[in-house]
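Here are some short exercises to work through with the model open in your viewer. Try each task before you read its solution.

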Amino acid sequence: MTTTAAVDLYRQAGIHAAKIMTGVRSEHLTGPTPCAKWTVQDVVDHLVGGTGYLLAAATGGQPGEPPVRAGTDRFATGVATVLDAVAQPGVTERRCMSPLGFEWSVGEALAGTFMDVLVHSWDLATATGQDTHLDPDLVRACWDMFIPEMPERGRRAGLIGPQVAVPSEAPLQDRLLGAMGRQP
């Protein structure tokens with residue numbers, strides 16, 4: 001995958017997730033999500049924290065403390081800041097540590113975070129009664145890049161729940177969500 005493609009996928013998933021976040025209301029924040037043990041607020045905090053992680057990776061800094069009770073507006077701002085940072089020459093080739101403890105490039109981190117943002121946008125949409133349809137091109141790109149290896153790595157690290165059985169003829173979005181431990 002080219003760095004340009006990773007940046008574009010992250011941008012598109014970020015736009016989608018930011019749109020979902022505009023539909024998150026204060027009464028939703030303490031509600032459950034399909035992401036086991038996480039409330040809507042926990043998912044928002046995680047996604048905002050992901051922008052902090054990417055910005056630190058892009059700038060050579062250290063990520064700050066994970067946000068607690070982050071406002072949903074912070075996500076869109078964070079994505080825009082990350083995209084500005086990775087537009088600088090050479091940034092996407094910079095090396096950083098992944099959340100799973102292996103070294104990868106900032107470009108690879110963008111691709112990995114694209115997957116995280118895409119799946120968690122579905123979590124938020126589901127939890128808040130919004131449209132759960134994901135862009136089929138983003139779903140295909142995510143599937144092609146990360147299935148089956150990434151969910152298994154995430155399960156070994158305790159970050160992803162058990163795979164949910166989904167029929168092989170089910171839509172790709174459902175198969176992706178099942179691989180990521182969600183009941184589509």
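A helix here is a DSSP run of H or I with at least four residues, and helices are numbered from the N terminus. Keep in mind that this is a predicted model.

**Exercise 1. Place aspartate 174: which helix holds this residue, and is it buried, partly exposed or exposed?**

Step 1. Find the helix. Aspartate 174 sits in α7, which covers residues 172-179.

Step 2. Check the accessibility. Buried needs under 20% relative accessible area and exposed needs over 50%, with partly exposed in between. Aspartate 174 comes out at 24%, so it counts as partly exposed.

Step 3. Look for partners farther along the chain. Once neighbours within four places in sequence are set aside, aspartate 174 touches Val166 and Pro184. For proline 184, 10 residues away in sequence, the C-alpha atom lies 5.3 Å from that of aspartate 174.

**Exercise 2. Now take the whole helix: which residues of α7 are buried, and what do they pack against?**

Step 1. List the buried residues. They are Leu172, Gln173, Leu176, Leu177, Gly178 and Ala179.

Step 2. Set that against the length of the helix. Since 6 of the 8 residues of α7 are buried, the helix is largely enclosed by the rest of the structure.

Step 3. Find what does the enclosing. The buried residues of α7 pack against α4 (106-127), α5 (136-146) and α6 (149-156).

Step 4. Peek past the end of the helix. Just after α7 comes glycine 181, with a positive phi of about 85°.

**Exercise 3. Track down the largest nonpolar core: how many residues does it have, and which helix supplies the largest share?**

Step 1. Get the size and the best-connected members. This core has 56 residues, and those with the most contacts inside it are Tyr10, Phe75, Val86, Leu110, Phe114 and Leu124.

Step 2. Sort out the suppliers. At least two core residues come from each of α1 (3-22), α2 (40-59), α3 (73-86), α4, α5 and α7. The largest share, 12 residues, belongs to α4.

Step 3. Zoom in on one member. Leaving out neighbours within four places in sequence, valine 86 is in contact with Val7, Ala58, Val91, Thr92, Val106 and Leu110.

Step 4. Try a threonine for practice. Threonine 51 belongs to α2, and at 6% relative accessibility it counts as buried. Beyond four places in sequence, threonine 51 makes contact with Tyr10, Phe75, Gly78, Val79 and Val82.

**Exercise 4. Describe how α4 packs on α5: what is the angle, and how far apart are the axes?**

Step 1. Recall what you need. A pair of packed helices is described by the angle between their axes and the distance between the axes.

Step 2. Read off the numbers. α4 and α5 pack at about 125°, with their axes 10 Å apart.

Step 3. Classify the pair. Angles from 65 to 115 degrees count as roughly perpendicular and those over 145 as roughly antiparallel, and α4 and α5 are therefore oblique to each other. Their crossing is left-handed.

Step 4. Name the residues that meet. Ala111, Gly112, Phe114, Met115 and Leu118 of α4 meet Leu138, Val139, Ala141, Cys142, Met145 and Phe146 of α5. This contact divides into 10 nonpolar residues, 1 polar and no charged.

**Exercise 5. Do the same for α1 and α5: at what angle do their axes cross?**

Step 1. The axes of α1 and α5 cross at roughly 130° and come within 11 Å.

Step 2. α1 and α5 are therefore oblique to each other, and the crossing is left-handed.

Step 3. From α1, Leu9, Gln12 and Ala13 meet Leu138, Ala141 and Met145 of α5. The split for this contact is 5 nonpolar, 1 polar and no charged.

**Exercise 6. Go hunting for backbone oddities in the loops: which peptide bond is cis, and where do lysine 37 and arginine 69 lie?**

Step 1. The cis bond runs from isoleucine 147 to proline 148, with omega near 10°. Proline 148 lies in the loop between α5 and α6.

Step 2. Lysine 37, in the loop between α1 and α2, has a positive phi near 70° without being a glycine. At 84% relative accessibility, lysine 37 counts as exposed.

Step 3. Arginine 69 is not a glycine either, yet its phi is positive at about 60°. Arginine 69 lies in the loop between α2 and α3 and, at 67% relative accessibility, counts as exposed.

Conventions:
Residues numbered from 1 in each chain as written. Predicted model: local features only at pLDDT ≥ 70, side-chain atom pairs only at ≥ 80, totals over all residues. Heavy atoms only, no water. Buried < 20%, exposed > 50% of the residue type's maximum accessible area, 1.4 Å probe, protein only. Contact = heavy atoms within 4.5 Å. Core = buried A, V, L, I, M, F, W, Y, C linked by side-chain atoms within 4.5 Å. Axes fitted to C-alpha atoms, helices over the stretch in contact; angles between N-to-C directions. Parallel < 35°, antiparallel > 145°, perpendicular 65-115°, else oblique. Left-handed = near helix turned anticlockwise from the far one by under 90°. Nonpolar A, V, L, I, M, F, W, Y, C, P; charged D, E, K, R; others polar.
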